[in-house]
Structures are given as structure tokens and as C-alpha cells.
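This report walks through one protein chain, moving from a salt bridge to the sheet, the cores and the overall fold. It is written to be read beside the sequence and the structure.

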Amino acid sequence: MPFPPDFPQNPYTILEPQSRWRPELDGAPDSISLAPLVSAVRAGVRAWREAGYQGVSETTRALLHWWFVTERPGLKYFFAQREAVESVIWLWEAEAARDPYALLKYDTAGALRQSLFPEDWPRYVLKLATGTGKTKVMSLLLAWSYFNHHYEEAAGLAKNFLIVAPNIIVLDRLALDFAGLSIFQHDPVLPENGYQGREWRADFQLNVHRQDEIGPLSERGNLFLSNVHRLFGHDAPPPSFGDANTADYFLGPAPTPKNAGPSLDKILPDLADLLIFNDEAHHIHDEKLAWFQSLREVIHAQRLRGGALGLQVDLTATPKTEDGQLFVQTVCDYPLVEAIRQGVVKTPVLPDQASQDKLQERESAAAAERYADYIHLGYLEWKKAATELAPTGKHALLFLMTENTRECDEIGHYLAARYPEFKDAVLIIHTKNNGEISEAAASKNKEELEALRQSGRQVDSPESPYRAIVSVMMLREGWDVENVTTIIGLRPFKTKSQILPEQALGRGLRRMFRGQPVKERLSVIGTRPFIQFVENLKKEGVELDYQPMGGETPAKTPMAIEVDHANKDKDIVELDIMMPELVARLTRRINKLAELEIEALPPGGLTVKKFTPEERREIIFWDIDAEAESHRTLLDEKIEPSYHNVLGFYVENLVRELHLGAHQKSLLFGHLKAYAGRRLFKTPLDLESADAARNLAEKAASHKIYQVFKAAINELVTEDLGRTRAIDLRTFRQTRPFLVDWQPHLRPKKSIFNRVVSDRSALELDFAQFLDNCPDIISFIKNSPQIGFRMEYQAEDGHIGHYYPDFLVKENPDTVWIIETKGRMDENDKRKLTRLHQWCEDATALTGGSRSYKAMLVREEEWRKVSFQLFREFTAIFN
């Protein structure tokens, strides 16, 4: 099903259930490939979210608001993470769906039956695309359970936690976040002390135990980190992974009688409560597996000893059985197609047909010679990405997958010998067809294996010497590598390999520049069987991008804009432009809020409505633009709706939007109360009436209140001082490098920067090209918020905004032009231009006339009519 054209491309935007991707029905009545529970859970969570998280504890509501509603600095959680957390909490608390059979009522496909659930305890499976941030979801759910156990006696949730990993590689990754509880310190998991009257950070006390390093158990709570084979106990043999060294590499050293302390299989059943997280839980695809059996034994033993009802949360990108069906317990599905669309992960890019047609598999017994075309194309794409990324402090990684260990060694040595960039920079890892470490790797001694594991963990580090990784198959999970820009697949994939397309690309999908609004791409190159294998992602809605590769085609990785110190043909000091920094003429005097005259405000012209008792209890709170709902509240029948809550919400939004002081809230509330009662409606509104709160919460009322008060307050408190002064002189050669999406650009000769870009119009690039060719100017700068030359202005709605003019042009040492290029002009553009002329007059006057700053507007329709060779010809017409 195609995406709607307005599908949100922001990773924080809430996705409406009706806009989500879903596969077309295959017509089979008993098919469970659509995750039958997901549609109903999505709809239920959406309604619950909009109703203000009703039906849960005060602790839970406080946490949800802190994580997802409260505006605070620092990390903001993706929608995918939010929905996963909300789904678990909604099912457990609001719906009390605490056994597998309770989930049957959410089956919209009519495909489920009790026999499909092998467990008799609550198990929720969260399907989250690779790179979405499953660890953050675990941290939030852990805090939810912990604080409910601590603050809410009836919650029935745990203070003890077990996080299970499939191998030591995944465990090492988890330990980085959980072993020292660092994720709870660096991420906004724990509310500030005092938030809603509780000491959250002071009360959060967990003892962390890793593998068999089990310390004293705490009555306040415990977190156990373990790979799965530790659950089998000291007496049970570990699963087979080849010889002993391989098992040590993949699972960590097995406990021996000498170092064996209390084992997890003995400790866990004695705990009073337990919440289990399974990371990379696609491994639990069969109840006959030792992983599942071990968890069952722990939970059943705990029950026999009187422990609280356990909860199991499984997280994976690919919760599929061997026959390709999604786990029936899947309650949340954030697929790869949505992760790509929302910019959570990189976009896979394949060679277009013309580029693929140039690739030939040669007749040769030597793998390097047979696949030379594919390797070289991959090298070219990697090289372009590496060049673009160099100024950012990131380095590009090439991942290459081969058919067997012999080819792995041969191609690894070929890369190092053929390409200078890969000399002493190739990491070779032998794995089995299923992605696990092979016996060939295990033949190394333990020190070499540990060094290999350490190198693999640190390939993203600036200190890592590696620029290419060659493997029989990339490890299926655990390697959260971010710097991969190019993947070369030289092997077909068959069903017996148990590798899915998303797993094959998974190590390259994670973004390098998280939190930055740039689009990242992953070049995927390979033999025809490999490309056909990757194209299977189309069945799951992924729209693969096909582009020309090789030759002069751009890498289209995020580009760094930086001062062009590397260009020896540029005199950076000469090209730099000196600009005065002026004190703002416009200021805000918020103490004038008391002077606001309510009778002078424009009337709202709305009609007072009558509502039923049911309608009165549903109060909708609108965001500051009155276009999107903030939340809804469904009041209990015993509670009378009050205008205080609605007006108080508007006050909070206006204070935040207009940057007023907290001490202004009571004054502003009085103004809103007077306006709502006397001016908002055609007839006076009785604020004590039963219908008052609902009338004030209507969308039209919200819009009018925000519109009127924003404009009136901004106009009242904004004042032009009529004077300014210079506080400094600034140059631009200290500007820090910054990233932009790849886009057409100019490599200028007359700018201190290495590139000129514009994501707004072709006019700006054309004008930059003209300036670069003008022999009668010294230099120019294409300005942007990252470069930072700005001035304040008063916008049409009255607020003080920041204006960044398009170009600075140094005509001679004493004359600088500040130029704005425009296609269409609106009211705000006119205000900006007026402010620009005023700024230039002030700046020139402050120099005593020794330097001249001149403003100019270039209208596109006039610019396109004529051509110029010299800048002075241009200024003679446009000035």
C-alpha cells in the first residue's frame, strides 16, 4: 500500500494508524503474517494517548508526560520508541492484558487461537526496525516498572530485572549502557527530583550484576545482565558453537567450579518479582529452543515460590519464525519502511540498471579477480563518501561479504594491496553462514580473539585504523556500527542461511549523525543474486533508491561546509569579511503586560454553544498553533468541568511561547479570564456555567485566544530603542564545520568556504555563481543560520525574530553589500528588508563613515531579464 504524499518525514512526528504502512492481504484466511494484534493495539494506544493517558497510575502518567510531552532540553525520543513504550504500558495497565489469552481480543485478522501461544505468562513482542533504539525502549520500560513498584503498591510490577542477550557481543553493547546505569544518567529517563513532588533520581537505586559476577542482592532492586547460556546453569552444557575457543568468543568464558558463584538459574526463582527483557529476541522462534525452555523454567520456579506474575518483553527487528511468520505476540510494529521514511535510519541506495550492466563477473578461480568490477565500484563509492565525510571527523567504512573463508582472506588481502587507503586498514572476520563466529576464527588464540572483538567494537572510533571489514557474513546482531557507507555483497543468500534482507543490511543502516536533520544513504552493491536478495525488502514496503554509481556521480552523503583552509589558492584572511556586531535595537519590556487593555482587543465573534453532559466531560487541549491536539481529558462524572484548567493551559503555552516570566502567569490569567468572559463570544460567557470549560476548549476558541493575545502582547512589549552600538567586530574564518544534506552546490573561488549551497532556490546558486565570476569584488559569503550573521526584526505577528540575509559581498576593503534575493515577497519579507536598511545605516554611522554597509534586494523576475559581467554594472541597476 503506497504511503500518502504527506507521510511525516520527521522521526518525532506521531504517526496516525490509518497512515501506517501495511502489506496487502494475501488472501489466506489463516495467515498470521500481518501481526494480527498490531492494528487494534495501535488504535487503542492512539485513543488512550489523546485522552491524556487515562486508566493508569499517577506515577505512570507523570513518567509518560516527562518522556513524551514535557518540553525539556536534551534528547527527544523517536515516535517509534514512544509507541513501543506506550503499547506495553497500555496493555499492562490500562487494559490489564496480563496473560497471553487476554491478547486474543485484539486479533483483527481472526487468525489466532490459544494453542499458538506456547507461554502461559504475559509476553509482549516489540518489532522495531534496526537502528530504532531498542536499548532506550528497555531503559524507559525498566524505569516505569521500577517506579510503579516503588510508589504504587497495587501496580504488580517488578523492581528486579533480567536483560538477556544472545551472545557476548550483544552483551558488551548492552553493558555500555546498563552496567554503570549510564543510560539513566545521560538520557532523560529519570525525571528531575521534585518533579510532581517526588525524588525520582534519589529513589532510583539498582544493583547491577553481569553474568556470574553477582554481588550482594539489594532490597531496592537488581538488574541482571546475561547472555542466554548463563540461564542454563553451571551443570548444563552450553550450546555448541564449534570448539571451546569459539564458545568463549561468542558466549564469554563458561563458569568453572573454581570461579562458579551462585548461578542465575538458582538466584532468579527466589526473587519476589521479575521483568525479563530479551534483546535480539528473534532467536526465540521455537518453544523447543533452550532459550525459551530456560525462561519457562525460571518463571515457573518463581511462581512456585510465590513470586509475582512475571512480564516478558521481547525486542527485535525481525520477530519471524522459520517459515517467515511474525511472532503472534507482536503488539508493536515499526517496520524498516517507516524508519527509512522518517529518517531514523539510512536510505539503502542500489546501482541503477546502467551501472549494474557495467559489472561483469569474470571467469577466474581467484575471487578477487572474479569480482573485481564489484569491488572497484564499491571502492569508488566508499572513496567518495570518505572524502565528503573527512571534514566532519567521521570516517567511512566499507563492508564486504564473501562466500567462504578462503575468499574472505583472499579479498581482504587484495583490498590492502590494491588500494593504498586500505593498507593495514582491513579487518577480516570469519563467520558461519548464519553470522556466528566460525571455527576458522576460533583457531586463533584467546588473546587474538579478544583483540578481534575489541577491534570490531571500536571500528567507529576516530582512533580505529580500519576502513574496510571483510566477512563471510556480517554478524547478525550486536555490532551497532554507524560509519558504514558502502556494502558489497559477493554471495547469494539461501533459506538455509536463516539470514533476512534486513539483517544483511542491518550493520550498515544505523545513522552516523543522529539528531541532525540530514539524510544519510547506504550504498549497496553486489552480484545479481545478492541484489535480488536485497530487493526482497520491497515486499515489506521498502522503496529502494536506484542511482548512477561510479565515475563522477556524487556520493550524496551529508556534506560538510567548512572554511577552505585546505585550498592553497585562497588567501583566507583576504577573503574574510569583517562585520560589526550591533546591540539589538528592538527589546521586550514584559513589565508592560499590566498595561494590556482588554476592551481594545479585537472581539472573537464566536457563538456560545450548549453541550450534553458527556460532551462537557471531554476537554480537548490544543497546542499553541491550535492546529494539533496536545491531549484530551475525560473527566469523571463526579468532577465538574472548570474554566480554570482550560485557561491555565493557555497561560502556560503563552508564557512559554512569548518568553514571559513565571511571575506574569497570574496577571495573564486575569487578562484571559476577562477576555473570555466579555470579548471572545458574541454574548458574554458565564464562566461558572456548566458549558464554559467546553466552549473555551473548542478549536475556534483556542485559535482566537492564541492569535489575539500573541499579537497584542508582542505589540505591547516590543520597543524600538532608536539607537544601537557596536559591541564587537566579527570575522567568519573561525566558523565551525557544519553538515547539510547533499544538494547541488558551487565550489567557489571567492569565498572562504569550501562550498556554496542553497536548499531554497536555484536563484541563490545562480547569484553565487555570478558573484564568483565578478572580477571587481574581493569576496562573498552565502549566509546561513550555521554561519550566523543575523539581525533582529519584528515579524507580522509582533514577535521578535531573527533574520539571516542571503549574501555578504566585499566589494572593496571599505564597502560591504548585504544582499537579499527573493522570488515572492510577503509581509515578513518587507519587514526584514526595512530592518536591513536600518541596520546598514546604523553600522555605517558607527564607523564614522570610514566603512560603508549597503543593503540591496534582488527580485528574481528582474534578475532573469538581464545579464552582467561586472558587479558595478549590477549595482547600477539594482541599487
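In this predicted model, E861 is partly exposed, with a relative accessible area of 39%. Its salt-bridge partner is R859, and the closest N and O atoms of the two side chains are 3.4 Å apart. R859 is likewise partly exposed, at a relative accessible area of 22%.

**Salt bridges**

Side chains of opposite charge can pair when their charged atoms come close. The count of such salt bridges in this model comes to 50, and three of the pairs are set out below.

| Pair | N to O distance | Burial |
|---|---|---|
| D564 and K570 | 3.1 Å | D564 buried, K570 buried |
| E657 and K710 | 3.8 Å | E657 partly exposed, 36%; K710 buried, 17% |
| E861 and R859 | 3.4 Å | E861 partly exposed, 39%; R859 partly exposed, 22% |

The side chains of E657 and K710 meet at 3.8 Å, N to O. Because E657 belongs to helix α22 (residues 643-658) and K710 to helix α25 (residues 699-717), this pair ties together parts that are 53 residues apart in sequence. K710 counts as buried because its relative accessible area, 17%, falls under the 20% cut-off, whereas E657, at 36%, is partly exposed. Elsewhere, E16, R46 and E50 are linked in a network of salt bridges.

**Helix α23 and its surroundings**

Helix α23 (residues 665-678) has 14 residues, and the distance from its first C-alpha to its last is 20 Å, close to the 20 Å expected at 1.5 Å a residue. The buried residues in α23 are L668, H671, L672, A674, Y675, A676 and G677, and they pack against α22, α24 (692-697) and α25. The helices α22 and α25 are thus met here again, since they also carry E657 and K710 respectively.

**The parallel sheet**

Strands of a sheet pair through backbone hydrogen bonds, either parallel or antiparallel. In this chain an open sheet of seven strands is arranged in the order β3-β4-β2-β5-β6-β1-β7, and its pairing is parallel. Its edge strands, each of which pairs on one side only, are β3 (207-210) and β7 (330-334), and from one strand to the next the twist averages 15°. Four bridges connect β3 with β4 (residues 222-227) in the parallel sense, and within this pairing R210 has L225 of β4 as its bridge partner. Helix α5 (residues 168-178) lies across β2 (160-165), β3, β4 and β5 (275-279), and it runs at about 155° to β4.

**Nonpolar cores**

In soluble globular proteins, nonpolar side chains tend to be buried together. The largest nonpolar core of this model holds 105 residues, and W67, L126, L141, W144 and F277 are those with the most contacts inside it. Once its neighbours within four places in sequence are set aside, L141 is in contact with V85, V88, I89, L126, F277 and V313. Another core, of 39 residues, lies apart from the largest one and includes A674, F681, I705 and F709; of these, A674 is one of the buried residues of α23.

**A hairpin with both faces covered**

Strand β26 (residues 791-794) is covered on both faces, with M791 and Y793 buried on one side and E792 and Q794 buried on the other. It is joined by four bridges to strand β27 (residues 800-803), and the two run antiparallel. Here M791 has Y803 of β27 as its bridge partner. Five residues lie between the strands of this hairpin, and G798 takes a positive phi near 95°.

**R514 and its contacts**

Where does R514 lie? It is placed in the loop between α18 (501-509) and β13 (521-526), and at 37% relative accessibility it counts as partly exposed. Not counting residues up to four places away in sequence, R514 touches F78, G131 and E482. Its C-alpha atom is separated by 9.5 Å from that of G343, which is 171 residues away along the chain.

**The chain as a whole**

The secondary structure of the chain comes to 29 helices and 30 strands, and 56% of its 879 residues count as buried. Among contacts between residues at least 6 apart in sequence, 75% join residues at least 24 apart.

Key:
Residues are numbered from 1 along each chain as its sequence is written. This is a predicted model: local features need pLDDT of at least 70, side-chain atom pairs count only at pLDDT 80 or more; totals for chains, interfaces and linings use all residues. Side-chain values use heavy atoms; hydrogens and water are left out. Two strands pair if DSSP finds at least two bridges between them. Axes are lines fitted to C-alpha atoms, for helices over the stretch in contact, and angles run from 0 to 180 degrees between N-to-C directions. Contact means heavy atoms within 4.5 Å. A nonpolar core is a set of buried Ala, Val, Leu, Ile, Met, Phe, Trp, Tyr and Cys residues joined through side-chain atoms within 4.5 Å. Buried means under 20% relative accessible area, exposed over 50%, partly exposed in between (1.4 Å probe, protein chains only). A salt bridge is a side-chain nitrogen of Lys or Arg within 4 Å of a carboxyl oxygen of Asp or Glu. The expected span of a helix is 1.5 Å times one less than its number of residues.
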